[in-house]
Each structure stands twice: as structure tokens, then as C-alpha cells.
Amino acid sequence: MAQFVQEGDSIDYTPGADVAAGAVVVQNDLVGVAVRPIPANTLGSLVVEGVLDFPKSTAGGSAIAAGITVYWNAGAQQATATSAGNPLLGQVTRAAADADATVRVRMYQ
């Protein structure tokens, strides 16, 4: 039998190293964002649902249309429309042009 623990828009997280506010944390297929700094070995939380702005490439051909599913490229530290090897972030809620440095995403897991 399951037991209710919390709403689910954020999750508990205890990092092994300091995590800065705004840092994207990937735990296998689960992606979260630290809203506040979390010191090493201290219980904090990560947002896993909501609408957030994520960095994206500004190279030619990097535009992302509203409604497109995007993923987190941990190596580049950017949102991308490329799923291969990248965990799911969510869907774009506002189109981002090539020159835009961020893309607005409704996160879901």
C-alpha cells in the first residue's frame, strides 16, 4: 500500500557537494532545479514541476517552437530538442528564436 508523502512539485535532495541556486541537478532520468543554494550534506529541495527558463544554444538552427518537447543536455548545460542520451525536461511554453539565450519550459517528469 502506498502512503502520501508530499505534493510532488519539489523533492527532497541532499547533495554531496554545494549546489548553487538555479543549478540543474540530474539523477538518472529525474531532472530538478535548486531554487535556493543547498550546502553539501544538507537536506534541501529541487523543483521538478513548474515553468522555468533554461539556457539554450544561440547558434543558428537552435530555435525551439512552443509545444516542442525538450531535454537537458548536461554536457552543454542547455535545453535541447534532441532526446538522444538526454533526460526529459518538459515542453516549451514560449517559442525561442536562435538568438534567445533561454527557453521557457513547463517541467514534468
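The following exercises, each with a worked solution, concern a predicted model.

**Exercise 1. The open sheet**

Task: Determine in what order the five strands form the open sheet, and which strands are the edge strands.

Solution.
Step 1. The order of the five strands in this open sheet is 5-9-8-6-7, and their pairing is antiparallel.
Step 2. Strand 5 and strand 7 each pair on one side only, which makes them the edge strands.
Step 3. On average, neighbouring strands of the sheet are turned by 45 degrees against each other, with direction ignored.

**Exercise 2. Bridges between paired strands**

Task: State how many bridges join strand 5 to strand 9, strand 6 to strand 8, and strand 6 to strand 7. Give a residue pair for each.

Solution.
Step 1. Six bridges connect strand 5 and strand 9 in the antiparallel sense. V51 has R106 of strand 9 as its bridge partner.
Step 2. Strand 6 and strand 8 are also antiparallel, with three bridges. Here Q91 in strand 8 stands opposite T69.
Step 3. Strand 6 and strand 7 run antiparallel and are joined by three bridges. Y71 has T80 of strand 7 as its bridge partner.

**Exercise 3. The turn of a hairpin**

Task: Describe the connection between strand 6 and strand 7, and identify which residue in the turn has a positive phi.

Solution.
Step 1. The two strands form a hairpin, and four residues lie between strand 6 and strand 7.
Step 2. Q77 is placed in the loop between these strands. Its phi is near 55 degrees, a positive value in a residue other than glycine.
Step 3. The relative accessible area of Q77 is 39%. Partly exposed covers the range between 20% and 50%, and Q77 is therefore partly exposed.
Step 4. N28 also has a positive phi, of about 55 degrees, although N28 is not a glycine. N28 is located in the loop between strand 2 (24–27) and strand 3.
Step 5. N28 has a relative accessible area of 72%. Exposed means over 50%, so N28 is exposed.

**Exercise 4. The nonpolar cores**

Task: Find how many residues the largest nonpolar core has, and which of them have the most contacts inside it. Then establish which strands supply at least two residues each.

Solution.
Step 1. This core has 16 residues, and F54, L89, V103 and M107 have the most contacts inside it.
Step 2. At least two core residues come from each of strand 3 (30–34), strand 5 (50–55), strand 6 (69–73), strand 8 (88–94) and strand 9 (102–107). Strand 9 gives the largest share, three residues.
Step 3. Another core lies apart from this one; it has eight residues, including I11, V25, A34 and V48.
Step 4. As background, nonpolar side chains in soluble globular proteins tend to be buried together.
Step 5. For L89, the contacts beyond four places in sequence include V31, F54, V70, W72, A79, V105 and M107. Also among the residues touched by L89 are R106 and Q109.

**Exercise 5. The aromatic pair**

Task: Identify which residues form the aromatic pair and give its geometry. Explain why the pair ties together parts that are apart in sequence.

Solution.
Step 1. The structure holds one aromatic pair, formed by F54 and W72.
Step 2. The ring centres are 5.9 Å apart and the planes make an angle of 55 degrees. Planes under 30 degrees apart count as stacked and those over 60 as edge-to-face; the F54 and W72 pair is tilted.
Step 3. Because F54 belongs to strand 5 and W72 to strand 6, the pair ties together parts that are 18 residues apart in sequence.
Step 4. Both F54 and W72 are buried.

**Exercise 6. Two polar residues compared**

Task: Decide whether T80 is buried or exposed, and whether D9 is buried or partly exposed. List the contacts of each.

Solution.
Step 1. T80 is in strand 7 (residues 78–80). Buried means under 20% relative accessible area; T80, at 16%, is therefore buried.
Step 2. From the side chain of T80 to the backbone nitrogen of T82 is 3.1 Å. Beyond four places in sequence, T80 touches V70, Y71, N73 and N86.
Step 3. D9 lies in the segment before strand 1 (10–13). Its relative accessibility is 42%, so D9 counts as partly exposed.
Step 4. With residues up to four places away in sequence not counted, D9 touches L46, V47, V48 and E49.
Step 5. V19 is 10 residues from D9 in sequence, and their C-alpha atoms are 19 Å apart in space.

Key. Residues numbered from 1 in each chain as written. Predicted model: local features only at pLDDT ≥ 70, side-chain atom pairs only at ≥ 80, totals over all residues. Heavy atoms only, no water. Core = buried A, V, L, I, M, F, W, Y, C linked by side-chain atoms within 4.5 Å. Buried < 20%, exposed > 50% of the residue type's maximum accessible area, 1.4 Å probe, protein only. Contact = heavy atoms within 4.5 Å. Phe/Tyr/Trp six-rings, centres within 6.5 Å; stacked < 30°, edge-to-face > 60°. Polar contact = N/O pair within 3.5 Å; in protein donor to acceptor, adjacent residues only side chain to side chain. Pairing = 2+ DSSP bridges. Axes fitted to C-alpha atoms, helices over the stretch in contact; angles between N-to-C directions.
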